[in-house]
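Q: Please take a close look at a single part of this model, starting at its surface and then turning to what lies inside.

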Amino acid sequence: MDKTAFTNLGEIFTRSEVVEGMLDLLEYKCNHDLSHIRVLEPSSGNGAFAIKIVQRLIESSKIHHFSIEKALDNITFCEIDHIKSEILEKAIKTEFVKNNIEKEPSDLIRSEDFLLSELAKFDLIIGNPPYVRWEHIPIQMRETYKKSFRTFFDRCDLYIPF
């Protein structure tokens with residue numbers, strides 16, 4: 001599938017206070033040892049959740065004295081749009097530079113369709129699903145999603161299988 005087919009389909013940005021509130025509700029807080037929590041953000045976009053997750057993990061590593069480089073191996077961000085993946089990578093790099101982290105941001109990002117990926121198990125899956133109307137989903141992908149998800153039928157919006 002050509003990943004550029006999903007470029008510029010519109011997006012709804014998640015407000016910072018919503019991101020913070022959701023992470024708080026799930027107890028993904030800096031005062032907890034977050035070193036072993038496996039986190040997935042399945043549709044990262046420009047990084048509303050991703051950046052907060054990285055920031056909280058960094059702060060937790062300072063409080064609980066664990067290796068941030070090793071803990072970052074537990075974080076996975078998926079984004080189908082390669083342009084957004086690049087924006088996300090730059091934003092994460094900024095956080096890494098500010099905190100003297102030598103890991104490559106690209107190690108955290110999977111530039112692929114989350115719905116068709118084969119990812120490992122996670123302790124926490126959080127994010128704002130993509131709101132893509134039926135008519136904006138490429139026909140080939142509609143057929144693939146219909147075969148893969150019984151919830152994807154009729155004129156279903158992409159957020160439904162998420």
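A: Ile160 lies in the segment after helix 5 (139-148), where helices (H or I, at least four residues) and strands (E, at least two) are DSSP runs numbered from the N terminus. The model is predicted, so local features need pLDDT of at least 70 and side-chain atom pairs 80 or more, while totals for chains, interfaces and linings use all residues. Residues are numbered from 1 along each chain as its sequence is written, and side-chain values use heavy atoms, without hydrogens or water. With a relative accessible area of 37% (Shrake-Rupley, 1.4 Å probe, only the protein chains shown as cover), Ile160 is partly exposed, that is, between buried (under 20%) and exposed (over 50%). Together with Tyr131 and Tyr159, Ile160 makes a nonpolar surface patch of about 260 Å².

Turning inward, the largest nonpolar core (buried Ala, Val, Leu, Ile, Met, Phe, Trp, Tyr and Cys joined through side-chain atoms within 4.5 Å) has 26 residues, of which Tyr28, Ile53, Leu57, Ile75, Phe77 and Leu108 touch the most other members. Two or more residues come from each of helix 1 (16-25), helix 2 (48-64), helix 3 (68-71), strand 2 (75-78) and helix 4 (82-98), and helix 2 gives the most, with seven. Apart from this core lies another, of 14 residues, including Leu40, Met141, Phe149 and Cys156.

Among the buried residues of helix 2 are Phe49, Ile53, Val54, Arg56 and Leu57, and what covers the buried residues of this helix includes helix 1, strand 1 (39-41), helix 3, strand 2 and helix 4. Just after helix 2, His65 takes a positive phi of about 55°.

Conventions:
Patches are made of residues with over 30% relative accessible area and no salt bridge: like charges are joined within 9 Å, nonpolar side chains (Val, Leu, Ile, Met, Phe, Trp, Tyr) within 5 Å. A salt bridge is a side-chain nitrogen of Lys or Arg within 4 Å of a carboxyl oxygen of Asp or Glu. Buried means under 20% relative accessible area, exposed over 50%, partly exposed in between (1.4 Å probe, protein chains only). Contact means heavy atoms within 4.5 Å.
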